[in-house]
Amino acid sequence: MTILITGATSGIGEGCARKYAAEGHTLVLNGRNAEKLETLRTALVAEYNVPITTLCFDVRDRQAAREALASLPEEFAAIDVLVNNAGLVPSTLKPPTHRPQASAPWASTSSTKESKRTALSS
């Protein structure tokens with residue numbers, strides 16, 4: 001099984017990467033810090049001897065995401081599971097380049113916390 005984990009360089013994403021590597025899964029690790037991604041990949045391959053590749057891009061950049069996914073080697077290209085864990089750090093947020101649809105449950109909220117609360121209560 002091939003698992004793509006966004007936000008894999010720390011916290012829950014890193015924990016998922018370690019757990020799935022220990023279970024022998026093929027991993028595609030995503031994050032914004034190439035050095036952290038490579039350090040994690042090297043450690044997991046050494047410890048668990050599983051196939052792992054990395055994709056360094058910001059998930060908010062749709063074009064970068066498309067290009068990165070299209071660049072995956074064939075043995076990693078068929079993603080079976082997505083762990084969509086990438087988080088947003090408020091100090092790094094940029095104004096959106098698109099407008100959310102009015103019907104989206106988070107369309108009228110002003111913060112990530114409110115968005116999660118709204119989405120969970122729907």
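Biologist: Let's start with the outside. How much accessible surface does the chain have, and what share of it belongs to carbon and sulfur atoms?

Modeller: The chain's accessible surface is about 8100 Å², and carbon and sulfur atoms hold 53% of that. Keep in mind that this is a predicted model.

Biologist: And what percentage of the residues count as buried?

Modeller: Buried means under 20% relative accessible area. By that cut-off, 28% of the 122 residues in the chain are buried.

Biologist: How do I get a quick overview of the fold? What pattern does the chain follow along the sequence?

Modeller: Going along the sequence, you read β-α-β-α-β-α-α-β-α. That comes from five helices and four strands. For contacts with a separation of 6 or more, 61% are between residues 24 or more positions apart.

Biologist: Let me zoom in on H1. How far does H1 reach, and how does that fit with what is expected?

Modeller: H1 covers residues 11–22, which is 12 residues. From first C-alpha to last it reaches 17 Å, close to the 16 Å expected at 1.5 Å a residue.

Biologist: Which residues of H1 are buried?

Modeller: Gly13, Cys16, Ala17 and Ala21 are the buried ones in H1. They cover an arc of only 125 degrees around the axis, so they sit on the same side of H1. Over on the other side, Gly11, Ile12 and Lys19 are exposed.

Biologist: What covers those buried residues of H1?

Modeller: The cover includes strands S1 (2–5), S2 (26–31) and S4 (81–83), along with helix H2 (34–48).

Biologist: What comes after H1, and what is its phi?

Modeller: H1 is followed by Gly24, and its phi is positive, near 90 degrees.

Biologist: Where else should I look at phi? What is the phi of Asn49?

Modeller: Here's the general idea: most residues other than glycine have a negative phi. Asn49 is not a glycine, yet its phi is positive, about 50 degrees. You'll find Asn49 in the loop between H2 and S3. Asn49 is exposed, because its relative accessible area is 67% and the cut-off for exposed is over 50%.

Biologist: Pro51 caught my eye as well. Where is Pro51 found?

Modeller: Pro51 is also in the loop between H2 and S3. Its relative accessibility is 42%, so Pro51 counts as partly exposed. Leaving out residues up to four places away in sequence, Pro51 touches His25, Thr26, Leu27 and Phe76. Pro51 and Arg41 are 10 residues apart in sequence, and their C-alpha atoms are 9.2 Å apart in space.

Biologist: On to the strands. How do S2 and S3 run, parallel or antiparallel, and how many bridges join them?

Modeller: S2 and S3 (residues 52–56) run parallel, joined by five bridges. Leu27 stands opposite Ile52 in S3.

Biologist: Which hand does the unit made by S2, H2 and S3 have?

Modeller: To judge the hand, point the strands away from you and follow the path from the first strand over the helix to the second; clockwise is right-handed. Here S2, H2 and S3 make a right-handed β-α-β unit.

Biologist: One last residue: is Thr53 buried or exposed?

Modeller: Thr53 is buried, because its relative accessible area is 15%, under the 20% cut-off. Thr53 lies in strand S3. Setting aside residues up to four places away in sequence, Thr53 touches Leu27, Val28, Leu29, Arg41, Leu72 and Phe76.

Conventions:
Residues numbered from 1 in each chain as written. Predicted model: local features only at pLDDT ≥ 70, side-chain atom pairs only at ≥ 80, totals over all residues. Heavy atoms only, no water. Helix = DSSP H or I, 4+ residues; strand = E, 2+ residues; numbered from the N terminus. Expected span 1.5 Å × (residues − 1). Buried < 20%, exposed > 50% of the residue type's maximum accessible area, 1.4 Å probe, protein only. Arc of directions from axis to C-beta. Contact = heavy atoms within 4.5 Å. Pairing = 2+ DSSP bridges. Areas by Shrake-Rupley, 256 points an atom, 1.4 Å probe, with all protein chains shown as cover.
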